[in-house]
Number of protein chains: 2
Amino acid sequence: MTLEYKVPVRDMEFLYFELLNGKGLADLEGFGEADEDTVKAILEEAAKIIETDILPLNEPGDQQGCRLEGTEVILPDGFKEAYTKYIDGGWTALTAPAQYGGMNLPYSVGYMIGEMMCSANQSFSMYPGLTHGAAKVIEIFGSEAMKNTYLPKFSEGTWSGTMCLTEAQCGTDLGLIQTKAEPLDDGAYELTGTKIFITSGEHQLTENIVHLVLARLPDAPPGIKGISLFVVPKFLSDDGGNITDRNPITCGAIEHKMGIKASSTCVMNLDQAKGYLIGQPHKGMQGMFVMMNSARLGTGTQGFAAGERAYQGALAYAQDRLQMRALTGAKFPQQKADPIIVHPDVRRMLLTIKAYTEGCRAMSYWIAQELDIAENHADEERRQEAEDLAALLTPVIKAFNTDTGYESTNLGVQIFGGHGYISEHGMEQLVRDTRIAQLYEGTNGIQSMDLIGRKLPMHNGRLMMRFLTRVDAFVKENMEMQDAERYIKPLAYAVDILKDTTNWVAEAAKEDPNHIGAAAVDYLQMFGLVTVAYMWAEMALVAQQKDPEQQDDFYRAKCETASFYMAKLLPKVQSLMLTVMTGADSLMNYPDECF
Amino acid sequence: MTLEYKVPVRDMEFLYFELLNGKGLADLEGFGEADEDTVKAILEEAAKIIETDILPLNEPGDQQGCRLEGTEVILPDGFKEAYTKYIDGGWTALTAPAQYGGMNLPYSVGYMIGEMMCSANQSFSMYPGLTHGAAKVIEIFGSEAMKNTYLPKFSEGTWSGTMCLTEAQCGTDLGLIQTKAEPLDDGAYELTGTKIFITSGEHQLTENIVHLVLARLPDAPPGIKGISLFVVPKFLSDDGGNITDRNPITCGAIEHKMGIKASSTCVMNLDQAKGYLIGQPHKGMQGMFVMMNSARLGTGTQGFAAGERAYQGALAYAQDRLQMRALTGAKFPQQKADPIIVHPDVRRMLLTIKAYTEGCRAMSYWIAQELDIAENHADEERRQEAEDLAALLTPVIKAFNTDTGYESTNLGVQIFGGHGYISEHGMEQLVRDTRIAQLYEGTNGIQSMDLIGRKLPMHNGRLMMRFLTRVDAFVKENMEMQDAERYIKPLAYAVDILKDTTNWVAEAAKEDPNHIGAAAVDYLQMFGLVTVAYMWAEMALVAQQKDPEQQDDFYRAKCETASFYMAKLLPKVQSLMLTVMTGADSLMNYPDECF
């Protein structure tokens, strides 16, 4: 039995157009093509190619994995053909700027396609996935020549991009980077060093691979303020964009990993490789943050994309597998046993996956649309609000989505029982593939520190005020909504807990910054739980407000899942408040010699 | 870098002799050999062979896995040699009865050796691991002839045992078993059917494999009341115990699994295989429960055994890996960065692993000793109390230990960051290996139902009263202990929550049995958290009471870890109470068509 997956187009459309402001996006400068019919047609079309061509490669890709031959990485069978089909369909051009051959559709549209890709085949999705970030950096910081050289190729999908940050001695702490860049006479640089964990660092899907590399100039100040960013292509090219020499940036090894085995994770050796400075000397982190924010939102997708897959697999199994009788007596006496979906705990697990998956999807689509607004809205204040919300919620989306996504894949396995542990059902692969998302692009601990230590105090708390203003207004406006005690009252209660906890942390931090670090992970969890509760209350409201003739199981499911979420998942905020408020003492007073 | 592991002998000895009643066990009938010096010598000796001979096979065993050749299963290199050394050392005889060549040491001593084995190499540990249960069933329910045939061989380790319960259509629901047993003229039976997920079903470690098989006699009533238990050896033997014919119970396939790849998990085909009824016809579940309870406590070991391993690996990494500076300023300014153990969140993760690992170990050793008391104590009332406590806590030990063990291995990976996801560090293998423990021997959901639906109401709540009597007495007696607000007061508060929640469930169950199923998993989590809190308060008390000259970092660590546990982990009971008390409605009123 292979794990089935159908793209949840209905939910995507619901979120994009009914819950959120998808219709309004088409009115923004440059997004004229993104009218509702077009976007829906794109979703349908993408679902088709992804279900047909990319999904079937997932399981064999896991089994075959990648292998290194010399300095070449050989991908699993079928990846090259599927990638070619993908770029021939124009999918890499979707959100690329029109002047470089792209369709200039909103980021938020591409985000939905990214989700489908990731649900179908996480390893595959990473080959085109990282190119977006590289393109964005070049678009913002690159010279005209760079833009003209690289951006059309990225849009075509014939060249791809990578991020080369990590070295053996530095992951989180990029100030420790040792890769060196020596200036050449022609204005270019020569880079030498070794990068590790480079996703898509080597493969044969594209004609060229464009590495964005962090390195240190000879006159660099120590630490993070001495890091510069370079473009280092696998193949150099002439002014006409034709490939010339092989640049000595080569793959020395690939990693053997827990999952995403069809994704090529490379050690890249730079041996006097030619590179081009991008942006200002020593200011490389600016560009990297652009890539990292894009990558963090993309990583956030991996959480609910995996959750969706786990839900579909586990639901089919729970409806099919006959075992034991319902606690209140046989539901299907003509069968030898009842399907396991009659058991309260199986329903609890299924609804947990569903509530996290759809709730995190809503939160992520919201912020994806805010990013489009931040870029293209006519009103500056609205742009600024959107940017603030995106900055605040990016670490939440990265960490909360991937934590709950991992939990969801594990619940999926649990619903399958022992069969979940066996490779043939595909559930255990989901667990292995999804685990990486809590680690890369900054561990979830680092995301938590970004939220609590950087985003909260930023601009005197302006980001948080933007968020609370929205949520408070929603709560106030809908305090008397239908079945308020199921939806809005639990949300209001949780928002108060979040405010109290935020204030506690702000006060405690004045006394000892370790309180911030001690609170970080629990605080981000609380933030995610509350934000997703806000999404569920909004979804329930939209569903309630449909006309009677529009009402169907989909809208009913929204209301009932919202109700489940408030009853069974949101109460975690209570314990999180308690653990945050016990502070840092039990951690920092613990004697080092007692570990 | 291979993952190091040192057997935590000090903690084992502390729990066994200082916290618990190890000294008293030696006074019980038949346990005369188990004096403190002997037990300590055994632990030291076992640690040596396990660290030297079994630990190094763990990583290669994962890489090589098992393979099927015809109907033979080939294990990874070195397993046969290590197993031979293990039985030559007499380790399989440790807890076997003296009259069958065993050393008759307490079960609780064998339990500690089982932990070491499992930490070192979970796959390997399962080969001798299941034999204990098979031996116990034959000891209790077998004929004299069976005992004389099998028990000496089990004690020697030259024959091994399995449990053959599961079939494709039944795991939890054994009433659906289809394997048939037809009576033969000689008093034996002929069994035909297919069993799946048979751990150690086929291998070449032993001369014979003795399968305990559940099957249905021709006149069997339907369902669980028509299941009989049979001994079906791989090789038949004559009266002298000499092997004669190959019995047609053969391995048809082995499973490809997420982890424990060196453990042979077999599909076993019985094609008119000869078997011998054990116990009464149709009463096979009695014997199986004996095996399952032993297997469940053994599975509970796998949780904290993995946690120990994750802790040791992650601690070494956290002390070694330099990245970023402490939030309060550089701790090691002479180094390029501080070791990551200075960061509050890394300490939180390490202490979470440590608190769960040592707390679950304490709870499990306690119950292992109670089982010895239940078997051999002179006083009947004391035996009954011990049996009640063991019956109550067996599902908690199985489920809570393996849930927290899995969490611990995932925290271990998280501390390693991206390096945790790479095979070479060994952390990801721990995650994959440990995941099975939440699934087999009854999923943790089934354990939760056993606790709340079976053990709580049993004998009018007598089991729970035994437990609460102990805990309440401890709390009352020590309400004024040193630093009471750090230890005993949080415990007392959590015990009250457990009592309130238990009463709520008992009342709600009268109205609708689905409230039991809806509460089960959360309730078991709460029960585990409270029991482990009780253990930590006891450990802190013992540590406090040491004379000043005995005080050292070990005892200090006990107090500080207890304090951490109460501050950062125990507060989860608060949210669990809230989610339990929202009942079954959001699950059972959810319309089927809305999934």
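By what turn and what shift along the axis can chain A be laid on chain B? In this predicted model, a turn of 180° with a shift of 0.0 Å along the axis lays chain A on chain B, and the RMSD is 0.0 Å.

**Figure 1. Relation of chain A to chain B in the predicted model.** Two copies of a chain are related by a rotation about an axis and a shift along it. Here the turn is 180° and the shift 0.0 Å. That is the relation of a two-fold axis. The same surface serves both copies, since 100% of the contact residues of chain A recur in chain B. Ser575(A) is the residue of chain A that comes closest to the rotation axis, with its C-alpha at 2.7 Å.

**Figure 2. Extent of the interface between chain A and chain B.** The size of an interface is often given as the accessible area lost when the parts come together. Between chain A and chain B about 7,900 Å² is buried, and carbon and sulfur atoms give 61% of that area. Tyr421(A), Lys568(A) and Phe595(A) supply 11% of what chain A buries against chain B, more than any other three residues. In terms of contacts, 91 residues of chain A meet 91 residues of chain B.

**Figure 3. Polar and charged pairs across the interface of chain A and chain B.** Side chains of opposite charge can pair when their charged atoms come close. Four salt bridges are counted between chain A and chain B. A salt bridge joins Arg556(A) to Glu593(B), with the closest N and O atoms 3.2 Å apart. Across the interface, 52 residue pairs are in polar contact, both residues being at pLDDT 80 or more. On the side of chain A that touches chain B, helix α17 (residues 553-569) of chain A gives the most, with eight residues. The residues of that side divide into 41 nonpolar, 28 polar and 22 charged.

**Figure 4. The fold of chain A, with its helices and strands.** Chain A has 19 helices and 11 strands. Its radius of gyration is 24 Å, close to the 25 Å given by the globule rule for 595 residues, so chain A is as compact as a globular protein of that length. The C-alpha trace of chain A spans about 80 × 60 × 60 Å along its principal axes.

**Figure 5. A salt bridge in helix α3 of chain A.** Lys40(A) and Glu36(A) pair through their side chains in a salt bridge, at 2.9 Å from N to O. Both residues lie in helix α3 (residues 36-54) of chain A, four residues apart, which is about one turn of the helix. Over all chains the count comes to 80 salt bridges.

Technical notes
Residues numbered from 1 in each chain as written. Chains lettered and ligands numbered in written order. Predicted model: local features only at pLDDT ≥ 70, side-chain atom pairs only at ≥ 80, totals over all residues. Heavy atoms only, no water. Least-squares fit on C-alpha atoms with pLDDT ≥ 70 in both. Contact = heavy atoms within 4.5 Å. Buried area = accessible area lost by both parts, 1.4 Å probe. Polar contact = N/O pair within 3.5 Å; in protein donor to acceptor, adjacent residues only side chain to side chain. Helix = DSSP H or I, 4+ residues; strand = E, 2+ residues; numbered from the N terminus. Nonpolar A, V, L, I, M, F, W, Y, C, P; charged D, E, K, R; others polar. Rg over C-alpha atoms; globule rule 2.2 N^0.38 Å.
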